[in-house]
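Colleague: Could you walk me through this one before I look at it on my own? I would like to go contact by contact.

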Number of protein chains: 2
Amino acid sequence: MTHETLDTAAGHLPAEALEAIERAATAAHRHETLFSERAANIKQSAVRDVFDISLRPGLVSLAGGSPYLQSLPLDRLGQTAAAIIAEEGLTALQYGGGQGTEELRTQICEVMAAEGILDADPANVVITAGSQSAQDVATKVFCNPGDVILVEDPTYVGALNTFEAYQVQVEPVPMDGDGIVPELLEAKIATLQAEGKAIKFLYTIPSFNNPSGITLSAERRQRTVDICREANILILEDNPYGLLRFDGEPLTPLRAGNPDDVIYMGSFSKIFAPGLRIGWALVPAHLQRRYYLAAEAVTLCPPTLNQMLVSAYLRDYDWRDQIVTYRGLYKERCDAMLAALAEFMPEGLSWTNPEGGFFIWVTLPEGVDSYPLLRTAIDAGVIFIPGAAFSPSDEPSNKLRLAFSAVPPESIREGVRRLAPVLREAIAAL
Amino acid sequence: MTHETLDTAAGHLPAEALEAIERAATAAHRHETLFSERAANIKQSAVRDVFDISLRPGLVSLAGGSPYLQSLPLDRLGQTAAAIIAEEGLTALQYGGGQGTEELRTQICEVMAAEGILDADPANVVITAGSQSAQDVATKVFCNPGDVILVEDPTYVGALNTFEAYQVQVEPVPMDGDGIVPELLEAKIATLQAEGKAIKFLYTIPSFNNPSGITLSAERRQRTVDICREANILILEDNPYGLLRFDGEPLTPLRAGNPDDVIYMGSFSKIFAPGLRIGWALVPAHLQRRYYLAAEAVTLCPPTLNQMLVSAYLRDYDWRDQIVTYRGLYKERCDAMLAALAEFMPEGLSWTNPEGGFFIWVTLPEGVDSYPLLRTAIDAGVIFIPGAAFSPSDEPSNKLRLAFSAVPPESIREGVRRLAPVLREAIAAL
């Protein structure tokens, strides 16, 4: 609050309230020096920024990557939760082990086996408060300020926020339609190491990358691991969407054949329920202890009730069949979005054609900055995430992310229809 | 694994398994250089260390500060959870806002009002994954490596672990029977600031300190805040037990009259259910934004289902009456422990007489190290936490913490009866 507004307000306030305001202003000034250096690096996520806006009635949100929960058996899940609390409440509502329950860690190994990781040991699984927390812990354990994390360009905004909170230098590696380009990855590593930089991770979302929907091709996966191993760089593999491939089998994760070089992160947020905040890391055996202790220092233990509810779901429900349902559902929505884009979008745009996941990445002509278009789009009744959010640089971006996961096909079509004139106008103004 | 054990194992293993072991050993060696500097500071908590042991049948655990959940209406809570999931599952199982639900933040202000904080604004409440996470976020936002946090001596081991993970210099301030001694606090601050140290927080558990059970007297509370304000040090007030005062009204928190100088942390772990992992921070308005963004970067959002269950509990149940029940229950247990200590303990010991909370702090004669006694005690069928866990130094400690919260009076008596000869023997061996 500036002194001017303070003075203006003063006329309407009793002396006591005025004193309180002055005291707070003084404290704010005094405490400014107390922030850590990293605090300045902690930014608002653009996705979270529009979270409240996206709830406005009448608006079509193509912004948030929320899963579509309507197809879950809510009544039955309620009964399951009731039984857990009534019959095992003394466990479910009590503190638990810091690594998570053995039952759920064992079941998580089955979930990973469905993707092609066949040798996971429950002892090396650490359950976390969503996979966001698994990223936070990994950065905490491995990154000093100034260390480098390589990321796909574009990459998940939540990961960028986590990394930057540790004052890490985030370096983007270009992708083409098949994901990270190995030669460019090698070149990037060579340049950075020649500068004396300590590169700790390659952070990758290999299947249906958020935000681009791009998939790292099967051919490039082992090559990527080999390049990193050669340079002594760990891989942080984030795979929340892996099982949500529309057609065919899930692609084999980078972790599968490389147990010593990959910290693999999974989540129940996309295949079951994000509101439970249950994710996990599968950590190489030789890194497990330090990873686990750091996780424990952050939250003591993951919520017991939530773990037991996920366990019951994996044990008593046909979770594989639910995934088949989701795959069909998201494929239908993706197709609806692709069709709407083809129908409504002006000349000069291109977009990705994802094999799975939640997102399509739209490229506008060079010179169009998608960020200011968000305001116009909200006025037109539709919301998206501007591309700049998904890059560590502060440069304007001519990209934008559209999520097809959370809204039914007819709303997707309506949302794209509303967006089209906003983009057309921006292109015309070039 | 040393080369010797590797060679010994080799004779019994197929070549493929041996290769895998060698590969892992090589990776372990290569990756040793990748850990962050702070990783070396992240240690196992002694409390968590004995968590598994404490579950052994037949053992009396006076170790963990688990609340006694048997008095909760589990059947009814199960029905409440069922209704939330069946009727509001699309919200309860979905992502939520990063700060927590407005309903619960408003209710949390009522809970704090029951303790004497009358001016809390829901806008300044940030809901976290237990108050452990609230500590982690506070340290992240304010502490650079080498900064100082002042703590009571002794203090909560979980907080020590969190602080040390940020490479903070933790400096203990002596307590007497009335808590932190103001003159010694002033002297400590003067010494450290004269050395050029940046002191960021005083971390205090003013009511029924964990592990000592000591309470900062009403007379000293404002003095403590004034000393810190004068030195531009924030107070991190951790008050999970405040409402569990056996007799009389809860003591007024330091935050009550000092909205600009105190980050107040509360928790439902002791007054409701730790397995839900719902805690909170009430942050001065001028610090709210940076605190909130850092919380969001760690976990995106607290679990929605858990927040809604706590909200329903605060709305539809007589939570105040449940606290009255808890106060009576823990008072009875504390009395049982005090009586058993008087009955069984050898000469030369002293212990605190807490006004509330979960813990009694026992002092053995000088020269007795309580740590090695844990092993003997386990053999005798009882378990406690050695005093060294609650201090930032690595010095041996002649103290130990006994928790009376989780076991019924007859087991408390039996546990103390089993512990007595272990301590008697240690004293005799001096």
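Colleague: Which side chain does Arg245(A) meet in a salt bridge?

Modeller: In this predicted model, Arg245(A) pairs with Glu355(A), with 2.9 Å from N to O; a salt bridge here is a side-chain nitrogen of Lys or Arg within 4 Å of a carboxyl oxygen of Asp or Glu. Across the interface of domain 1 and domain 2 of chain A, the rule finds 2 salt bridges.

Colleague: What are the bounds of those domains?

Modeller: Domain 1 of chain A covers 46-72 + 321-428, and domain 2 covers 88-316, the bounds coming from an automatic or database domain assignment. Taken over C-alpha atoms, the centres of the two domains are separated by 25 Å.

Colleague: And how much area is buried between domain 1 and domain 2 of chain A?

Modeller: About 2,500 Å² is buried there, with carbon and sulfur atoms giving 65% of that area; buried area is the accessible area (1.4 Å probe) that two parts lose on being put together, summed over both. On the domain 1 side, Arg327(A), Glu355(A) and Pro392(A) lose the most area to domain 2, together 27% of what that side buries. In terms of contact, meaning heavy atoms within 4.5 Å, 28 residues of domain 1 of chain A touch 30 residues of domain 2.

Colleague: How many residue pairs are in polar contact between those domains?

Modeller: There are 10 such pairs, both residues at pLDDT 80 or more. A polar contact is a pair of N or O atoms within 3.5 Å; within protein, one must be able to donate a hydrogen and the other to accept it, and residues adjacent in sequence count only if both atoms are side-chain atoms. On the side of domain 1 that touches domain 2 in chain A, α3 (46-49), α12 (319-344) and β11 (359-363) each supply at least two residues, and α12(A) has the largest share with 7 residues. Helices (H or I, at least four residues) and strands (E, at least two) are DSSP runs, numbered from the N terminus.

Colleague: Switching to the two chains, how much do chain A and chain B bury between them?

Modeller: Chain A and chain B bury about 8,100 Å², 58% of it on carbon and sulfur atoms, and the contact takes 95 residues from chain A and 94 residues from chain B.

Colleague: Which salt bridge does Asp136(A) form?

Modeller: Asp136(A) is joined to Lys140(B), with the closest N and O atoms 2.7 Å apart. The count between chain A and chain B is 6 salt bridges, and 45 residue pairs are in polar contact across that interface, again with both at pLDDT 80 or more. Several elements of chain A each supply at least two residues to the side touching chain B, among them α2 (15-31), α4 (74-92) and α6 (130-142), and the largest share, 12 residues, comes from α4(A).

Colleague: Where does the pair of Arg30(A) and Asp261(B) sit?

Modeller: These two side chains meet in a salt bridge of 3.1 Å, N to O, and the pair crosses between chains, from helix α2 of chain A to the loop between β7 (234-238) and β8 (262-267) of chain B.

Colleague: Anything I should know about the conventions?

Modeller: Residues are numbered from 1 along each chain as its sequence is written, and chains are lettered from A and ligands numbered from 1 in the order in which they are written. Local features need pLDDT of at least 70 and side-chain atom pairs count only at pLDDT 80 or more, while totals for chains, interfaces and linings use all residues, and side-chain values use heavy atoms, with hydrogens and water left out.
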